[in-house]
Amino acid sequence: MLALVLALCALQLCPAVRGGRWGQPFLVEGPPSRRLSKVGGFSWENCGNGTDPFVIKSLSVTPDPIHIPGDLKVSVAVSNGVDIVSPLKAVFTVEKKVVDIWIKVPCLDEIGSCTYNGLCGILDNVIPPGTPCPEPLLSYGIPCHCPFKQGSYSLPASEFYLPVIQLPSWLTNGDYRVQVVLSNGAKQLACVKVALSLHSE
């Protein structure tokens, strides 16, 4: 689920992390906003140098497009060659296609091409320590807190719910690609690229 979750978080769609039907209407404070109605054209690839310990083996997201609010079905298998511990950093590079040119989306109000330090703490804010991981992660033994132990994890096709989501008006309709690099200190752990299209009203 990592590629999907990190891409959604980069675009401030983090309610998808929580799964189930926990989500409530999600609003971004600030300038006028528009309701996200559809996400389509989802694709992904590992972009590490072949030595990254965390690798996505398979990832499927249906339907395409995903209608919001609505359900999506995710299946994923990953391999993790080391224990992933704090401090954990995620660097997002978000680009939007304008005509035939990819333009970098700057980091504004923690949306876009941002760096998130203390990712383990962010996960703890979403799911407080001591709280069981939400289903279906709990049933399949998939952790939701640091440290993430070395090993292989797989999630069979499982449903998640995306609630009503309001995006800032400057995050316009179009094709986007997101690169996420996870690291611990100087060591790169993973690199994932995701492509998707956003449609809002």
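## A walk through the predicted chain

Over residues 10-30, pLDDT (the predictor's confidence in each residue, from 0 to 100) stays under 50, and the model has 50 contacts (heavy atoms within 4.5 Å) for this stretch beyond four places in sequence. Where pLDDT is low, the predicted coordinates should not be read in detail. This is a predicted model, in which local features need pLDDT of at least 70 and side-chain atom pairs count only at pLDDT 80 or more, while totals for chains, interfaces and linings use all residues. Residues are numbered from 1 along each chain as its sequence is written, and side-chain values use heavy atoms, with hydrogens and water left out.

Let us take the chain as a whole. Its mean pLDDT is 81, and 84% of the residues reach 70 or more. Residues 1-5 have pLDDT below 50, and this stretch has 16 contacts in the model beyond near neighbours in sequence. Helices (H or I, at least four residues) and strands (E, at least two) are DSSP runs, numbered from the N terminus. Among these elements, the lowest mean pLDDT, 40, belongs to helix H2 (residues 15-18), and the highest, 96, to strand E6 (residues 101-104).

Now to the cross-links. The structure holds four disulfides, each a pair of cysteine sulfur atoms within 2.5 Å. One of them links Cys-47 and Cys-191, with the sulfur atoms 1.9 Å apart. This link is left-handed, with -90° about the S-S bond. Because Cys-47 lies in the loop between strand E1 (33-46) and strand E2 (54-62) and Cys-191 lies in strand E11 (residues 187-200), the pair ties together parts that are 144 residues apart in sequence. For the surroundings of each cysteine, we can use relative accessible area: buried means under 20%, exposed over 50%, and partly exposed in between (1.4 Å probe, protein chains only). Cys-47 is partly exposed at 21%, whereas Cys-191 is buried at 5%.

Another disulfide joins Cys-107 to Cys-114, with an S to S distance of 2.0 Å. The torsion about its S-S bond is about 100°, so the Cys-107 and Cys-114 link is right-handed. Here too the partners can be told apart: Cys-107 is partly exposed at 38% relative accessible area, while Cys-114 is buried at 3%.

Next comes the pair Cys-133 and Cys-144, whose sulfur atoms are 2.1 Å apart. This disulfide is left-handed because the torsion about its S-S bond is about -95°. Both Cys-133 and Cys-144 lie in the loop between helix H3 (119-126) and strand E8 (151-162), so the pair ties together parts that are eleven residues apart in sequence. Cys-133 is buried, with a relative accessible area of 15%, and Cys-144 is buried too, at 7%.

The backbone has some details to look at as well. The peptide bond from Asp-64 to Pro-65 is cis, with omega near 10°, and Pro-65 is found in the loop between E2 and strand E3 (66-67). A cis peptide bond also runs from Ile-68 to Pro-69, with omega near 5°. Pro-69 lies in the loop between E3 and strand E4 (70-80).

Finally, have a look at Val-99. This residue, which is not a glycine, has a positive phi, near 60°. Val-99 sits in the loop between strand E5 (89-98) and E6, and it is exposed, with a relative accessible area of 71%. That loop leads us back to E6, the strand with the highest mean pLDDT among the elements of the chain.
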